[in-house]
Each structure stands twice: as structure tokens, then as C-alpha cells.
Amino acid sequence: MGMTDVLIVGAGPTGLVLACDLARRGAAVRVVDRSPAPPRTSRAKGPNPRSLEILDDLGVAEEVLAAGSAPLPMLKYRDRRPVAEADPWADSAPSADARYGRGWLIAQWRLEGILRDRLAGYGVHVEPGREVVGLAQGRNEDESRSGSDGDYRGHGAYGGHVDVTYADGPAGRARYVVGCDGAHSSVRKLLGIPFEGTTAEDQVMVCGDVDLADGVLDRTRWHQWFDEDGAVMLCPIPGTRTGWWFQAGPERDGRGRPLAPTADGFRRLLAHHTALPGRALTRAELLSTYRVNVRMADRFRAGRVLLAGDAAHVHAIAGGLGMNTGIQDAFNLGWKLGLVLAGHADAELLDTYEEERLPVAARTLDLTSERLRATLEAIRRPGGGLDAAITPDTTGLGVGYRWSSLAAGDRAQEAGEPGPRAGDRAPDAPCADATTGQRTRLHRVFAGPGTTVLGFGPGSAAVLRETANAYGGDAGVRVCRVYAAHEDRAGAEPGAVVDDAGHVAAAYGTGASGDPAAGTVVVVRPDHHVGVLAPADDARSVREYLRRLHGTGRSAERSPGMVDAAR
């Protein structure tokens, strides 16, 4: 039985992003999905700005933008007549520190297809029709079992595995298993992890992909009919000529119970709420009933098995954060698994996945429930609509982990002082390559599966040199000196950048010091979050942080005594 590094169960956006991130790190990955063929789901309407940054890092953002469309203005109706128009994205534009000012509309199945193609480029193909029915965690003699809940701690990077049983076909074995298999996750159920929360049986929506006769409705708008007795919403599906996402309040029987969605039911709802005849709806498929579920696993990890995306948390649809939270879970977990598998970091690094993402999921549950309340409130009034769910919180750009044990060496920041703090998303900023003068951006510097050490000011040169000597680029650590426009760049190392317009200094709050020899060092994790922000003379904070993630690098060969101290 061959051993794979990571078995990913579930090939939705969460599982595919995780697989792409691990595959480019050289990990041996398998992705299985119980569906016999890729499902043509239409649920998520697209990535938010933070997810677009992640997709850009994985090299697929251009394709995603080309296959989708910008979010559309919303046209709201009452009693079949248009009463208001709103464009919640009218004022959102790219900024120096965030390249994507708004999310993007793309059918989920198109996004999944793009990610599957990227994964195939690494030689990994989703294995369809593979249902996981058993998980057994093996352990080495030196691995102790604590508690009776099957939670293994202290597992080293080598040895230790999970035996996986499938409904049919040979069993498999993996060092780690990640359940990305949705709200009804088999992996979560096999682990016996509770999924506490509520299902609002009365908050029901019927959904589907429909075709409308050509030309009956303007495809440059997201149409929303909200009446006292129900609602219909139609949003054009990008990349199709006549396809629309259909969402509506369900038909109900004589006792007020919601009826299952059918094509004829959709036609009756269309005729009842809109000025269109039912026959304008020529085809309906992928019909589903959506109930507001607000649930969360009480932990995201049991030994060598982890949960991500809907398998770990589900919440109200308002604000479109479901798929996005899953993509962001995957991007948090991928680099940590990669460093542990490569033997650079201790397996305890994996504990920081739950430490960081569980509070984010809990906050997302609260945020989406609040947005749903606001939306239900808004649509009672003529002119109210789904724009009530869109707030700056829904971009994902503000999500950080200041509480995390990985947010180390935070410089004491005065209230109102500019720049990020340890744990925050590392801002993007336009700059220029110091040797070629070509335009670039910090997020391009960060892109790829490595940790980046940024040095500001002449004082940072020593730390950058020490880091480059210790890790030499091969261990996934790169250094980047950021020169101010007025600084002498003679002898700039390859990869250095010039902050020619001052955007980097503004984003990182590094322009304040009057001392020409001073400087700042910022360690940026592979998922674009700040790990350390320290004065340039604090080489020790940088050294200790990198050692925790990447081991001791090449310096270990010169000073074997250091290894014990570091672990």
C-alpha cells in the first residue's frame, strides 16, 4: 500500500486550492471525491477580493477574471415594477495596498475547472467516485495517545499515518488527511466531531440554474423581486448567453410547508412575481433547496486528520462568504502542512491552523447571520435588496490573526500608528524592480510557496545577509530589500525593489523614522500574513521565527549545538 503525503477528501474549491498549494510545494497529494463526475454546482457566485489574491498567488487569477464578470448592479422590483437600483461595488476600486477592489462573478463549476486544470499541471488528477468510509490513525512507538477522543499529539513529521478505507477499491494510507467534503462531511462524522448549531427550517430558498428566452431580461443587471409574499432573484451566469442563477422563496403547500423545487414551480414563481410569462423559463437544472444552517465543528483537527471549508463550518449565505472562507482555510493550512512534511517545522505548527481559523469561522458565523438579519429587514421595504449584505467586512481583506502564537515580536504600536501589526494581512503595494526598473507589486514578490523577509532602511542589510546565508533561497525563505526612492541602490541584490512612489512605506508605516541608519524588518508568511515586525537591530526575533517555520537552514551544519536549542 503506497503512502501519500496528504489525502484530500472533497474536490470543491477548498480541496482544490489546498491540493494546488501542496502540489507546488512538491508534496505527494491525492484528491478523492465521492461524486462520479465533477458536480455542476451553481452555489457560490465567486471569489471575494482576498480569495482573488490567493488565486493570483496560485497563478490562476487571470483565467478566473477572463471566465467571469464584474459584480453587477442590483435592480429591485416591488409588485413587478422596478423601484430602485443599487451598485454596492460602485465605490470599490483597486488601491495601492489591495489590487482587487471587489469580488468577481464566476460559476463555481467554472472556477473548479480552472483549479483542476492547474492541478493537472502538477500531475495530480481528482479521483472521482471514491467515497471514504473508514479512517484509522496509526502511530509510532514514540507517539503517545492522549485522552479517549482519538486525538493524537506529539506526532513527528516522519512515521505515523492514517489508514483510509473506501466504499470500494483498495485501501490507502496517508501521512495526513484533510476533510474538505462539505457540510455533510464523512470525514467529520468518522472522527465523531460534533457539528453544533442551528438549522432554520423556516428560512428556506429554492435555487437552480435556468435558461431564459433570449432577450427577455437585461443581462447587465442582477434582478431582485421582493414582495410581501415571497421573492425571486435572477443573476446572469457569466460565460453563458441565456443562463441565469435563480433563487426564490419556495412555493408552499396548504399547511405552509415549503415544496421541493421543480421546473414548473420555478415557472409559477416567475409568473407570480415578475412581469415575465412562465414559459420564458425554458430550462431548469441543478435544483436545490437551501436552508439557513449555522453550524461549526468544535475543533478543526484530530491528530493527523484536519477539517476545512464547509466540513468545519457552515453559515448564512448573506455576503457570499461560504466558499471564500473555505479557500482561505486552505491557504492557511497548505504552507503549514508543506513545512511539516518537508521536515522543516515541527508538527505542532499544525495546531496553529485551528488556533487561527476557528475564531475566524466563529466570527464569520456571527457576521453572516447579522448580514442575513439586515437583508431580511431591508427587503420588507420597497427598494431594499441583497446589497444590504455587502459591507467592507465581506472583502476578506481585514481578516488577520493578531491573537495567534505565530504573531510574534509585535512592535509596540501607538494607537493610530500606520502599518500592519503581527498577524495582519501583509498589504500589497506597487514598486519597481531595483535592478531592471520593471514595475511589480509586493504580492508578486511574496508569490509562490515561500516566506519573505522584507528589509527597510540601511540598518536591515545585516539581518537580510544573515538570513540569506542561513537559508540561501532553497529552503523557501527569500529576502527582499526595499529601497526608498532617495536611497543609493548601487550593489542592490537581485530581487530588491524600489519604493519609488512611497506606497510601500505608507502601507507598512516604515517612513516615520528620521534616523538614516535605522530600519525595520518584516517577516511575511507564505499566506501573506505578517509574522514579525521588528526594528532592524532585532535579528534575534527574525532568527527565532524563521527557525520555528523553516528549521535552522544551512547554519545547522556549522553549529550542531544550535539544533537542540531551537526545537
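Me: At about how many degrees does helix α6 (residues 263-273) run to β14 (281-297)?
Reply: Helices are DSSP runs of H or I with at least four residues, strands are E runs of at least two, and both are numbered from the N terminus. Axes are lines fitted to C-alpha atoms, for helices over the stretch in contact, and angles run from 0 to 180 degrees between N-to-C directions. Helix α6 lies across β10 (195-212), β11, β12, β13 and β14. To β14 it runs at about 90 degrees.

Me: Good start! What kind of model are we looking at?
Reply: Residues are numbered from 1 along each chain as its sequence is written, and side-chain values use heavy atoms, with hydrogens and water left out. Local features need pLDDT of at least 70, side-chain atom pairs count only at pLDDT 80 or more, and totals for chains, interfaces and linings use all residues, as the model is predicted.

Me: Which strands stand at the edges of the open sheet that contains β11?
Reply: Two strands pair if DSSP finds at least two bridges between them. Eight strands form this open sheet with mixed pairing, in the order β4-β3-β11-β12-β13-β10-β14-β17. Two of them have a single partner strand each, so one side of each is left without a neighbour in the sheet. Those edge strands are β4 (81-86) and β17 (313-314).

Me: And how many residues of strand β11 (residues 222-227) are buried?
Reply: Buried means under 20% relative accessible area, exposed over 50%, and partly exposed in between, with a 1.4 Å probe and protein chains only. On one face, Trp222, Gln224 and Phe226 are buried, and on the other His223, Trp225 and Asp227 are too. The strand is therefore largely enclosed by the rest of the structure, and the count of buried residues is six of the six.

Me: Which residue of β11 is the bridge partner of leucine 75?
Reply: Strand β3 (residues 74-78) pairs with β11 in the parallel sense over four bridges. The partner of leucine 75 in β11 is histidine 223.

Me: On the β12 side, which residue is the bridge partner of phenylalanine 226?
Reply: β11 and strand β12 (residues 230-236) run antiparallel and are joined by five bridges. A hairpin through two residues links β11 to β12. Phenylalanine 226 has as its partner in β12 alanine 231.

Me: Going one strand further, which residue in β13 stands opposite cysteine 235?
Reply: β12 and strand β13 (residues 243-248) run antiparallel, with five bridges between them. Opposite cysteine 235 in β13 stands tryptophan 245.

Me: Let's turn to helix packing: is the crossing of α1 and α7 left-handed or right-handed?
Reply: Helix α1 (residues 13-24) packs against helix α7 (residues 322-341) at an angle of about 25 degrees, with the axes 8 Å apart. That makes the two roughly parallel, a label for angles under 35 degrees, whereas over 145 is roughly antiparallel, 65 to 115 roughly perpendicular and the rest oblique. Residues in contact (heavy atoms within 4.5 Å) include Val17 and Leu18 of α1 and Ile327 and Trp335 of α7. A crossing is left-handed if the near helix is turned anticlockwise from the far one by less than a right angle, and right-handed if clockwise; this one is right-handed.

Me: What is the handedness where α1 passes α4?
Reply: α1 and helix α4 (residues 108-120) pack at an angle of about 20 degrees, with their axes 9 Å apart. The two helices are therefore roughly parallel to each other. α1 passes α4 in a crossing that is left-handed.

Me: In the seven-stranded sheet, which residue in β21 stands opposite threonine 452?
Reply: The seven strands form an open, mixed sheet in the order β19-β18-β22-β21-β20-β23-β24. Its edge strands, β19 (439-441) and β24 (530-535), each pair on one side only. Strand β20 (residues 451-456) pairs with strand β21 (residues 477-484) in the parallel sense over six bridges. Opposite threonine 452 in β21 stands arginine 478.

Me: Last one: what is the relative accessibility of threonine 510?
Reply: Threonine 510 lies in the loop between α11 (503-508) and β23 (520-524). Not counting residues up to four places away in sequence, threonine 510 touches Phe456, Ala505 and Thr520. Threonine 510 counts as buried because its relative accessibility is 17%.
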